[in-house]
Amino acid sequence: MEKTAVNTESHKLPRHLAIIMDGNGRWAKAKGKPRTFGHEQGVRAVKETVESAAAMGIKYLTLYAFSTENWNRPKYEVDILMKLLIKSLKKELKTFQEHNIRLNAIGALDTLPKKAARELEEVIEQTSKNNKMTLSLALSYGSREELLQAVKSISVKVKNNIISSENIDETIINSHLYTHDLPEVDLLIRTSGEQRISNFLLWQIAYAELYFIDDYWPDFSKQHLEQALLNYQNRERRFGKTSEQLSES
Ligand code: IPE
Ligand code: IPE
Ligand code: MG
């Protein structure tokens, strides 16, 4: 029978929850408003999700906020997204401190506008001692770009005899990814009805449970998060084994 309350024992929760926050533009369009209004309202959902996840005991939350492909959007939309990022970082520093949340960022951060990169660095530094939850913002993030730069830096190390090619293993690859200090993803949620990955954490979601919901991101709430966690808790993660093997151990 489906349980009705989320089990918040740490081994029952996804250790690492990742979310593709999608549908801001369509949400706004449905209301006859500009896409950027959807992004503004999306910030509310981010705040509620971050606070609820921390309160429930999720240790790692990673949010896809801006992809490498999103640079191809109209300049005014990109500018507004960057402004919103700066404004939210300034505003939410207090929230991070209150909830003991450490901010982290993954992606090609050197491609962000200087002001955004500086603000990000500042909040990361100020929250670096917090340890209830690590919130990673994926900004100018693309999984293929991440893998490409990992391959390049491993190649340089092989060439300089720092690593021998025979010793390259999954641990070495992991240690060259933006996510080197994060565990692999247990649960990936995507809002807005789209059922695709859009270049997000391709390596890291190898065994993640996927959960797609139709609601647009600005409507996402604590209830949606609980629903996703309940659904996750009713799944059997077999990692290639049989169901019988799992019940023996
Ligand atoms: C997600 O919403 C936010 C970002 C990708 C920055 P979208 O802006 O993609 O909204 P839709 O998918 O066009 O509705
Ligand atoms: C994925 O959403 C990126 C983020 C949520 C930041 P998109 O809206 O960019 O993805 P596609 O283009 O629909 O695949
Ligand atoms: Mg979208």
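The largest pocket of this predicted model holds about 940 Å³ of space. Of the 40 residues that line the largest pocket, Met21, Asn24, Tyr64, Ala65 and Phe66 are the closest to its centre. Helices and strands both take part in the lining: α1, α2, β2, α3 (75-98) and β4 (133-141) each supply at least two residues. The largest share comes from α3, which gives 9 residues to this lining. Sorted by class, the lining of the largest pocket comprises 19 nonpolar, 10 polar and 11 charged residues.

What occupies this space? Ligand 1 sits in the largest pocket, and the space taken by ligand 2 is the largest pocket as well. The two ligands can be taken in turn.

The shell around ligand 1 includes a run of residues from Met21 through Asp22, Gly23, Asn24 and Gly25 to Arg26. Further along the chain, Arg35, His39, Ala65, Asn70, Arg73 and Leu81 also belong to the residues around ligand 1. Two helices, α1 (24-30) and α2 (35-56), each supply at least two residues of this shell. Of the elements, α1 gives the most to the shell around ligand 1, with 3 residues. By class, the shell of ligand 1 divides into 3 nonpolar, 5 polar and 4 charged residues.

Which backbone atoms approach the oxygen atoms of ligand 1, and at what distance? A backbone N or O atom of asparagine 24 lies 3.1 Å from an oxygen atom of ligand 1. For glycine 25, the distance from a backbone N or O atom to an oxygen atom of the ligand is 2.9 Å. For arginine 26, a polar backbone atom is 2.7 Å from an oxygen atom of ligand 1. On its own, ligand 1 has 380 Å² of accessible area, and the protein covers 87% of it.

Ligand 2 has a shell drawn from several parts of the chain. Ile20, Met21 and Asp22 are among the residues that surround ligand 2, as are Tyr64, Ala65 and Phe66. The rest of the shell of ligand 2 consists of Asn70, Arg73, Arg190, Arg196 and Ser198. Here strand β2 (residues 60-67) gives the most, with 3 residues. The shell around ligand 2 divides into 5 nonpolar, 2 polar and 4 charged residues.

The contacts listed next for ligand 2 are made by side chains. A polar side-chain atom of aspartate 22 lies 3.2 Å from an oxygen atom of ligand 2. Arginine 73 places a polar side-chain atom 3.3 Å from an oxygen atom of ligand 2. In arginine 190, an N or O atom of the side chain is 3.3 Å from an oxygen atom of ligand 2. Taken alone, ligand 2 exposes 380 Å², of which the protein buries 78%.

Some residues appear in both settings. Met21, Asp22, Ala65, Asn70 and Arg73 are found around ligand 1 and also around ligand 2. Met21 and Ala65 are, in addition, among the residues closest to the centre of the largest pocket.

A further pocket remains to be described. The second largest pocket contains about 230 Å³ of space. Its lining includes Glu170, Asn174, Thr179, His180, Leu182, Pro183 and Glu184. Trp203, Gln204, Ala206 and Tyr207 also line the second largest pocket. By class, this lining divides into 5 nonpolar, 4 polar and 2 charged residues.

Notes
Residues are numbered from 1 along each chain as its sequence is written. Chains are lettered from A and ligands numbered from 1 in the order in which they are written. This is a predicted model: local features need pLDDT of at least 70, side-chain atom pairs count only at pLDDT 80 or more; totals for chains, interfaces and linings use all residues. Side-chain values use heavy atoms; hydrogens and water are left out. A residue is near a molecule or strand if one of its heavy atoms lies within 4 Å of it. A polar contact is a pair of N or O atoms within 3.5 Å; within protein, one must be able to donate a hydrogen and the other to accept it, and residues adjacent in sequence count only if both atoms are side-chain atoms. Accessible areas come from the Shrake-Rupley method with a 1.4 Å probe; for residues, only the protein chains shown count as cover. On a 1 Å grid over the protein atoms alone, a cavity is a set of points where a 1.4 Å probe fits but cannot get out, and a pocket is an open set with protein on both sides within 12 Å along at least five of seven lines; lining residues have an atom within 4 Å of a point. A molecule sits in a cavity or pocket if more than half of its atoms lie within 2 Å of its grid points. Helices (H or I, at least four residues) and strands (E, at least two) are DSSP runs, numbered from the N terminus. Ala, Val, Leu, Ile, Met, Phe, Trp, Tyr, Cys and Pro count as nonpolar, Asp, Glu, Lys and Arg as charged, and the others, Gly among them, as polar. Grid points are joined across faces, edges and corners, and a volume is the space filled by probe spheres set on the points.
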